[in-house]
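The following exercises concern a predicted model. Please work through each task with the structure in view before reading its solution.

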Amino acid sequence: DVERSRGLGDVYKRQAMLNTQITLQEQSKGMCLIEGIVEADHDGFVGAGYANANNEIGAAVVWHVRALTPGQHTFTLRYAYGGAGARDGEISVNGQAMETLSLPSTQAWDNWQEQTINLDLAYGGNTIRYAATGADGLANIDSLTIEGYGIEQGNCASADIIIDGGTAMPQVPATIRAATFDAGASEVSGYDWDFGDGSQGS
């Protein structure tokens, strides 16, 4: 009804004025895709484990968040990389490349550090993709923390997740939409996909 709508509007306005911080991990709402595996081999991570993306160009981790206030937000990746040099990845928001983020070596795979950048988010839903630009893939990602006014965990059902074509289907992008539902004490995940070649499914 009208009064209830006004009440919800007031709630959203108050939320938009608050400086909030959310942290997205492997089992969090808003953690949509890991092109790789969740591992727990190296100590020091927080939560159930960390994201270990495939060792290939384009391997990505995807999150979805909701911003009640558009504009600049602070992004902090907690990561570990025990190799030499750095592992680089491109961050995109809603399909638009924003910045290349280089994660230097932490000297050991169980030595976790943080890297912070500022990115603009649009009002409403935002799909954030961090994809490897080198053949060695990404560093291990423990979490993504976002701080700003009116930031909330998103809904992966609203996220457009693009997976670059690999060896099986070169040059054919796939669009995957995912959603997670509560079913009693369990969670059920559902996926719809479109491989761009006429094949679709759920």
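**Exercise 1: Surroundings of a core residue**

Identify the residues in contact with I128, leaving aside its neighbours within four places in sequence.

*Solution.* Step 1: take the cut-off for contact, heavy atoms within 4.5 Å. Step 2: list the partners of I128, which are V61, V62, W63, V65, F75, I91, S92, V93, L121 and I146. Step 3: place I128 in its wider setting. The largest nonpolar core has 31 residues, and I128, together with W63 and Y130, touches the most other members. Strand β5 (residues 60-67) gives the most to this core, with 4 residues. Step 4: look beyond this core; apart from it lies another, of 5 residues, with C32, L33, V62 and C156 among them.

**Exercise 2: The disulfide**

Determine which cysteines form a disulfide, and explain its handedness and what the pair ties together.

*Solution.* Step 1: search the whole structure, which yields 1 disulfide. Step 2: apply the cut-off of 2.5 Å between cysteine sulfur atoms; those of C32 and C156 are 2.1 Å apart. Step 3: examine the torsion about the S-S bond of C32 and C156; the value is about -95 degrees, and the disulfide is therefore left-handed. Step 4: locate both ends. C32 belongs to strand β2 (residues 31-34), while C156 sits in the loop between β12 (151-153) and β13 (161-163), so the pair ties together parts 124 residues apart in sequence. Step 5: assess burial; C32 and C156 are both buried.

**Exercise 3: The chain overall**

How many helices and strands does the protein chain have, and what percentage of its residues count as buried?

*Solution.* Step 1: count the elements, giving 1 helix and 16 strands. Step 2: classify the 202 residues, of which 40% count as buried.

Conventions: Residues are numbered from 1 along each chain as its sequence is written. This is a predicted model: local features need pLDDT of at least 70, side-chain atom pairs count only at pLDDT 80 or more; totals for chains, interfaces and linings use all residues. Side-chain values use heavy atoms; hydrogens and water are left out. Helices (H or I, at least four residues) and strands (E, at least two) are DSSP runs, numbered from the N terminus. Buried means under 20% relative accessible area, exposed over 50%, partly exposed in between (1.4 Å probe, protein chains only). A nonpolar core is a set of buried Ala, Val, Leu, Ile, Met, Phe, Trp, Tyr and Cys residues joined through side-chain atoms within 4.5 Å.
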